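Trainee: I would like to learn how to read helix packing and burial in a model, going from the whole chain down to single residues. Could we take one feature at a time?

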Amino acid sequence: MAKISEKIAQLGWFCGSSITTAITGRTFIPACKTTVKLKNPRFLFPRTQPLYRCCRAMSKSKGTLSSPSLLVVRENINLTDEERQIFERLLQVVRHFNLETQLRVAGGWVRDKLLGKECYDIDVALDNMLGKEFCEKVNDYLIHAGEETQGVGVIQSNPDQSKHLETARMCLFDVWIDFVNLRSEDYTENSRIPTMEFGSAEQDAYRRDLTINSLFYNINTCSVEDFTGRGLDDLKSGKIVTPLPPKETFLDDPLRVLRAIRFCARFEFEMVEELKVAAADNDVKCAIADKISRERIGHEIDLMVSGNQPVKAIACISNLGLFWIVFTLPPNFEPPISEELDRICVSYMDEAWTLMHGIGSCTFSDEQRRLYLYAALFLPLRKTIYGDNKKRIVSAVNYIYRNSLKLKGSDADNVIRLHNAVEKFSSLIPLVVSNEGMQPAEVDWKSDMIDVPVSLKLRILLGLLLRDIKDFWRAALMLSILLNKGSSVERVVDNVRLFKKVEEEILKLSLEKVWEVKPLINGRDIMKVLEVKNGGPVVSEWQQKVVEWQLAYPSGNMQECIDWMMRQKQLNHPTT
């Protein structure tokens, strides 16, 4: 730490009386701090250096720097070989047809490249033609050069859903490129749908959602353009700001509220107060609810949950009073919810995030991590239900997933399966850690187990649970621990130890991947043993009993299983 602080001072990044650097760990690990004496009370960017350096977490009052907090903003964009190849091909098209078109890469690609991050989402803005027209020129050039033409996809504008521009897409050198014209927007009185016209790069920049996304990279001149005059400064200082007044910007396209929240969390930037006030405005809330398609909302939320700071993003949604606008509940749900339920949902997600990092996030795949966090967020809603149009009783979580966010139905099914598994795991955890004999009455969700010694019943129950939840069993276990023990600072270490203990016992019982174990006897063989001609409930019942027998006797073979079935048949247990 001392070497890091000395290096900061040597590089001349700061001028001030002193600055404290801190490396903070997880919740239960105290921060390590050191202080370096400096000269003048100012924070400077070394403009003579090839890189600008700034600090996202700089405290205005105390000058505390929390690592990782150094944000590197480049002066110039360094292109990859692939990007040079793509841009040169586009310039060849311009030169071949003597076009006066200025080609600019817009938005996120410019921002990420300035931050030294690779980005494969290239959006090219055109100043004097539509994207489809330019794509046709590209194909005409490919024919002239004797190369294979590329398919062009066109995404039509949809002003009712705040999708104001037609976008053309084609693939060049195995990279998908979007082409769209620069635009200006003119809103007539009493209309929320603008009249779209070709505009200048400056006009287009001011219609962007955020200043950090309003930067252009001019392909013709190989230069970065900042037409709002503050995009680079806001990127360096870590601020989330809109080019125009924020309420006006949000009403133009209310999805920008969620985008602002996502970028604020992703880069750990500061959302300016004026923007927060506009995002919480009732007019903006109504616009989010009425004007934006649920698919677009769901996509933004999914990006937040899959991102590097999901808790910060969802907490911001809650703090701005947007939680139930985004995660809309079904009509006529029950039981009633408390006013604080949104904050409770966020707290569960926060606790799940803390526990996951305490255990080691490598435990999960990206998909498992994402659904685990959703399951934690909606854990307080797991018993909330409603009646659908077919008079079926349905989980409110299912409604949120399928209707409010329009996410995959299979994801909703997995989250609900996680919630169901949480209840079952909760009843088994005390039995796993106690190492005492289990009484049949201690588990109420499986009362019709086959007759085996008590010492074998726990393996059956754990095996059945894992066969149902499959690869998500660790996620279900973690959620069960949170539900039963909570995740206050003093309990985090205990929760991690409890997880490790249960995980160790499951692995000792060789139940990892137990869902991949095939039954020793199939339905046809069962019918032969039972001497029945048709399948049905009886055969299904026996198939379940065979699974339980295999869980109790994992080293048993097919003949031993058949012998057991014959004995059970003679005892008429179960009745055949």
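The dialogue below goes from the whole chain to two helix pairs and then to one side chain.

Mentor: Please keep in mind throughout that this is a predicted model.

Trainee: How many helices and strands are there in the protein chain, and what share of the residues is buried?

Mentor: The protein chain holds 23 helices and 20 strands, and of its 576 residues 48% are buried. The exposed surface of the chain comes to about 28000 Å², with 48% of that area supplied by carbon and sulfur atoms. Among contacts with a separation of 6 or more, 65% join residues 24 or more positions apart.

Trainee: What describes two packed helices?

Mentor: In general, the description uses the angle between the two axes and the distance between them. Here, helix α15 (residues 366-377) and helix α17 (residues 409-434) have axes that come within 9 Å and cross at roughly 65 degrees, and the crossing of α15 with α17 is right-handed. On the α15 side the contact is made by Glu-367, Arg-370, Leu-371, Tyr-372, Tyr-374 and Ala-375, while α17 contributes Asp-411, Asn-414, Val-415, Leu-418 and His-419. Sorted by class, the contact between α15 and α17 has six nonpolar, two polar and three charged residues.

Trainee: At what angle do the axes of α18 and α22 cross, and why is α18 called oblique to α22?

Mentor: The axes of helix α18 (residues 454-469) and helix α22 (residues 537-552) come within 8 Å and cross at roughly 120 degrees. Because roughly perpendicular covers 65 to 115 degrees and roughly antiparallel begins over 145, that angle makes α18 oblique to α22. The crossing of α18 and α22 is right-handed, and its contact is made by residues of α18 including Leu-456, Ile-460 and Leu-464, together with residues of α22 including Val-547, Leu-551 and Ala-552. By class, the contact of α18 with α22 has six nonpolar, three polar and three charged residues.

Trainee: Turning to a single side chain, is Trp-515 buried or exposed, and where is Trp-515 found?

Mentor: Trp-515 is found in the loop between α20 (492-508) and α21 (523-530), and it counts as buried because its relative accessibility is 14%, the cut-off being under 20%.

Trainee: Which residues does Trp-515 touch, not counting those up to four places away in sequence?

Mentor: With those left out, Trp-515 touches Leu-466, Arg-467, Lys-470, Asp-471 and Trp-473. Trp-515 also lies 8.5 Å from Leu-464, C-alpha to C-alpha, although 51 residues separate the two in sequence. Arg-467 appears here as a residue touched by Trp-515, and Arg-467 also belongs to the contact of α18 with α22.

How values were computed: Residues numbered from 1 in each chain as written. Predicted model: local features only at pLDDT ≥ 70, side-chain atom pairs only at ≥ 80, totals over all residues. Heavy atoms only, no water. Helix = DSSP H or I, 4+ residues; strand = E, 2+ residues; numbered from the N terminus. Buried < 20%, exposed > 50% of the residue type's maximum accessible area, 1.4 Å probe, protein only. Contact = heavy atoms within 4.5 Å. Areas by Shrake-Rupley, 256 points an atom, 1.4 Å probe, with all protein chains shown as cover. Axes fitted to C-alpha atoms, helices over the stretch in contact; angles between N-to-C directions. Left-handed = near helix turned anticlockwise from the far one by under 90°. Nonpolar A, V, L, I, M, F, W, Y, C, P; charged D, E, K, R; others polar. Parallel < 35°, antiparallel > 145°, perpendicular 65-115°, else oblique.
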